[in-house]
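Please open the model in a viewer and keep the sequence panel at hand. The stops below are given in the order in which they may be selected.

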Amino acid sequence: MPGRWAGLAAVALCVTSEPLRWNNGPALPQGVDHHATFVTRGSAGAVLHVLGGNDYQQQYAGHWFAQIGAFGQVGAWRTGQAYPKPVLGPTVLVVGRTAITIAGQNAGRQNSPDVFTAPVGADGLLGEWTSAPALPAARFHHAAVAVGNTIYVLGGLETT
């Protein structure tokens with residue numbers, strides 16, 4: 001399946017009083033599946049992030065980001081602060097000025113309880129990832145939400 005995901009590009013749906021319409025954006029530098037996608041905000045506006053993933057040959061620790069323009073258009077992709085290790089499908093939340101990754105799968109395709117945090121700078125870009133307290137059990141394909149400063153992790157697979 002190499003190259004299967006290489007043609008994927010960011011698309012944006014602008015929700016207004018006008019009819020819904022998708023707009024094509026630039027392709028990611030590398031095709032990936034099972035990645036995490038999240039948005040931060042900074043002095044230049046919103047920033048779209050893509051973290052980790054795989055191409056079914058290899059798992060990645062990559063991090064790419066692109067500015068989101070005033071009308072929802074996705075700018076050029078740039079390389080961001082690398083994740084500490086390859087990861088598939090972590091859930092990512094942004095709570096205040098902190099990005100938090102929760103669980104996923106590691107390079108050995110084992111579900112992981114790992115949690116990492118990165119500060120969100122004034123420009124919306126991420127600082128260095130650091131380890132945080134792990135979940136009580138490994139998770140993959142889980143959901144997570146934050147209410148205030150409390151994070152809820154729900155469901156997912158505990159084993160491979």
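Begin by colouring the chain by pLDDT, the predictor's confidence in each residue on a scale from 0 to 100. Among the elements of the protein chain, strand S1 (residues 9–14) has the lowest mean pLDDT, 56, and S10 the highest, 97. Strands (E, at least two residues) are DSSP runs numbered from the N terminus. The mean pLDDT of the protein chain is 87, with 88% of its residues at 70 or more. Select residues 1–8 next: pLDDT is below 50 over this stretch, which has 13 contacts (heavy atoms within 4.5 Å) in the model beyond near neighbours in sequence. Where pLDDT is low, the predicted coordinates should not be read in detail.

This is a predicted model, in which local features need pLDDT of at least 70 and side-chain atom pairs count only at pLDDT 80 or more, while totals for chains, interfaces and linings use all residues. Residues are numbered from 1 along each chain as its sequence is written, and side-chain values use heavy atoms, with hydrogens and water left out.

Now select strand S8 (residues 98–105) together with S9; the two pair in the antiparallel sense over seven bridges, pairing being assigned if DSSP finds at least two bridges between two strands. Within this ladder, Ile102 has Val115 of S9 as its bridge partner. Five residues separate the strands of the S8 and S9 hairpin, where Arg109 takes a positive phi near 60°. Add S10 to the selection: S9 and S10 are paired in the antiparallel sense over three bridges, and Ser131 in S10 is the bridge partner of Phe116.

Keep Phe116 displayed and turn to the aromatic side chains. Rings of Phe, Tyr and Trp (its six-membered ring) pair if their centres lie within 6.5 Å; planes under 30 degrees apart count as stacked, over 60 as edge-to-face and the rest as tilted. How many aromatic pairs does this rule give? The count comes to two. The ring centres of Tyr83 and Phe116 are 5.2 Å apart and their planes lie at 70°, so this pair is edge-to-face. Tyr83 lies in the loop between strand S6 (78–79) and strand S7 (91–95) and Phe116 in strand S9 (residues 111–119), so the pair ties together parts 33 residues apart in sequence.

Both Tyr83 and Phe116 are buried, that is, under 20% relative accessible area (1.4 Å probe, protein chains only), with over 50% termed exposed and values in between partly exposed. Tyr83 also forms an edge-to-face aromatic pair with Trp129, at 5.2 Å centre to centre and 70° between the planes. Trp129 sits in the loop between S9 and strand S10 (130–132), 46 residues from Tyr83. Because its relative accessibility is 5%, Trp129 counts as buried. Finally, select Tyr83, Phe116 and Trp129 together: they form one aromatic cluster.

Note on methods:
Helices (H or I, at least four residues) and strands (E, at least two) are DSSP runs, numbered from the N terminus.
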